[in-house]
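Let's walk through how to read a fold and its packing, one feature at a time.

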Amino acid sequence: TDEPVRVSTNWRDDYLKKYADYEEMGIREYWIVDYAGLGGREFIGDPKQPTILVCSLDEGEYRVTKFRGDEHIVSPTFPELTLTAQQIFNAET
């Protein structure tokens, strides 16, 4: 099924509220693209830097994988994906 894409400017909503809500709703996978490195250190690490988090539902709980810089993004939903985090950060709208 096509799931809606949501955009937020409040990192606390993305990292805390949406995480719990989406897990409860059973959304298989969602991404947080923190291009400005605004999330809390417990989520994106220290030092803070642009990070993509892929949250994949596994037995009712999210497994979160972080990607930065030239790391290739791994997504269970898009196994053919060959992009790096930096390529996404560099994309123009």
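What follows is a short chat about this predicted model.

Q: What should I know about the model before reading it?
A: It is predicted, so to speak on paper: local features need pLDDT of at least 70, side-chain atom pairs count only at pLDDT 80 or more, and totals for chains, interfaces and linings use all residues. Residues are numbered from 1 along each chain as its sequence is written, and side-chain values use heavy atoms, with hydrogens and water left out.

Q: How many helices and strands are there in the protein?
A: Helices (H or I, at least four residues) and strands (E, at least two) are DSSP runs, numbered from the N terminus. Here you get 3 helices and 3 strands, in the order α-β-α-β-β-α along the sequence.

Q: Which residues make up the largest nonpolar core?
A: In soluble globular proteins, nonpolar side chains tend to be buried together. A nonpolar core is a set of buried Ala, Val, Leu, Ile, Met, Phe, Trp, Tyr and Cys residues joined through side-chain atoms within 4.5 Å; buried means under 20% relative accessible area (1.4 Å probe, protein chains only). The largest one here has 10 residues: Tyr-15, Tyr-22, Ile-27, Tyr-30, Ile-32, Phe-43, Ile-44, Leu-53, Cys-55 and Tyr-62. Helix H1 (11-25), strand S1 (29-34), helix H2 (41-44) and strand S2 (51-58) each give two or more residues to this core. Apart from it lies another core of 6 residues, including Phe-67, Ile-73 and Ala-85.

Q: Is Ala-85 buried or exposed?
A: Buried, with a relative accessible area of 0%. Ala-85 sits in helix H3 (residues 85-90) and touches, among others, Ile-52, Phe-67 and Ile-73 (heavy atoms within 4.5 Å).

Definitions and conventions:
Buried means under 20% relative accessible area, exposed over 50%, partly exposed in between (1.4 Å probe, protein chains only). Lists of a residue's contacts leave out its neighbours within four places in sequence.
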